[in-house]
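Hi,

Here's the structure I said I'd pass on. Have a look below, and then read on for my notes.

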Amino acid sequence: MKFFNFLTNDIAMDLGTANTLIYIKGKGIVLNEPSIVAFDRVTKKITKIGNEAKEILGREHGDIRVSRPMRDGVIADFEIAEGMIRAFIKKISSSTLSTRRIVIAVPSGVTEVEKRAVRDSAEHAGAKEVHLIFEPMAAAIGIGLDVGASVGNMVVDIGGGTTEIAVISLAGIVQVESVRIAGDEMNNAIMQFFKKNHNLLIGERTAEAIKCEVGSAVPLKEEITIQVKGRDLVGGIPKTTEVSSVEIREALTENVTQIVEAVKQTLERTPPELSADLLDRGIMLTGGGALLKGLDKRLKMETELPVHVAEDPLTAVVRGVGKAVENINEYSRVFIRKRSY
Ligand SMILES: Nc1ncnc2c1ncn2[C@@H]1O[C@H](COP(=O)(O)OP(=O)(O)OP(=O)(O)O)[C@@H](O)[C@H]1O
Ligand SMILES: [Mg+2]
């Protein structure tokens, strides 16, 4: 039985800056973990991946390094990314496979060199056939939009590394903007805010937790106060500070505005017939950043269009790539065409 599974093991992958998700044809989503690895500094051997590696992020010592090989949505550290892909694939299958097709989602802003790096990593990790698909296209398919229709749809996918804004029609991307401002930048903004305003050093994980818990893009009905623990910049000792959601919103405001401006810019560049479609259909938000409190409201206010947060926005892309892997022939027209080198 295992043998048959093995032969039909086509997989889909959302190799995200923050999270990696894998979908196996006929099975659905089988893996959803942070894109993080811990490895031995000397031997470079990977000792932990995903959730287990995230646990120790910021707590590592001299012999181990914890790394996020994806930055800004693309592979920043080739060797480690390849190891990570290999380790994730190994985790979902008991045998190392030699024949499999992989469809991988990549940000629309990637360069030819970056695409090459993703293809090579997947091939080195055992894939025989690699197809790439643009993230916003995958997200649109994932949330059930009819991407082949002659009607315009706008998808805004806010991930860890990039925000991708795309207008899709007739199975193609008509207009796209990819900005390297998303969840990671927001975490950074929160860390900087504490350093500057509270003389407090906090780690990336803490900043992310604060963002998810109290971060917002518009005033909240009830503003929240939280206790934040970190290291005092002056005394060097552990310290607790109290902050309100108002301050955190202030810290995020620049990034949120940049995302809003990028959406507006894409709207300005959209051909009029498609703009008209958007008036009725509105904007679909996907990716983890779509969960930032009030971001939909803020976008609605600024664009005067209907804005919807997709159901389960964190899995939209992998569900889309999954559909493509279930029907490779039908969806091959939305794959990125391979250039000859
Ligand atoms: N409730 C929330 N509020 C705000 N941000 C959130 C929330 N939940 C998750 N996020 C953020 O969403 C981001 C992860 O989203 P996602 O998994 O879609 O990114 P990714 O696909 O890995 O990245 P990319 O597409 O840029 O490569 C992280 O930065 C995370 O902090
Ligand atoms: Mg993503």
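What follows is a quick tour of a sheet with its helix, and then of a second helix further along.

One thing to keep in mind: this is a predicted model.

Let's start with the sheet. Three strands make it up, it is open, and the order runs β5-β4-β6 with antiparallel pairing. The edges are β5 (46-49) and β6 (64-67), each of which pairs on one side only. From one strand to the next, the twist averages 20 degrees. If you want to check the register, β4 (residues 37-40) and β5 are joined antiparallel over three bridges, and Ala-38 sits opposite Lys-48 in β5. Packed on this sheet is helix α3 (residues 78-92), which touches β4, β5 and β6. The direction of α3 makes about 65 degrees with that of β5.

Now for the other helix, α6 (residues 183-198). With 16 residues, α6 reaches 22 Å from first C-alpha to last, close to the 22 Å expected at 1.5 Å a residue. Plenty to look at on the inside here: the buried residues of α6 include Gly-183, Asp-184, Glu-185 and Asn-187, as well as Met-186, Met-191, Phe-193 and Phe-194.

So what covers those buried residues of α6? Among the elements doing so are the strands β11 (153-158), β14 (200-201) and β15 (225-232), along with the helices α7 (204-214) and α8 (245-268). Just after α6 comes Asn-199, with a positive phi of about 50 degrees.

Cheers

Terms used: Residues are numbered from 1 along each chain as its sequence is written. Chains are lettered from A and ligands numbered from 1 in the order in which they are written. This is a predicted model: local features need pLDDT of at least 70, side-chain atom pairs count only at pLDDT 80 or more; totals for chains, interfaces and linings use all residues. Two strands pair if DSSP finds at least two bridges between them. Helices (H or I, at least four residues) and strands (E, at least two) are DSSP runs, numbered from the N terminus. Axes are lines fitted to C-alpha atoms, for helices over the stretch in contact, and angles run from 0 to 180 degrees between N-to-C directions. Two residues are in contact if their C-beta atoms, placed from the backbone, lie within 7 Å. The expected span of a helix is 1.5 Å times one less than its number of residues. A residue is buried if 20 or more other C-beta atoms lie within 10 Å of its own, exposed if 12 or fewer, and partly exposed in between; C-beta atoms are placed from the backbone.
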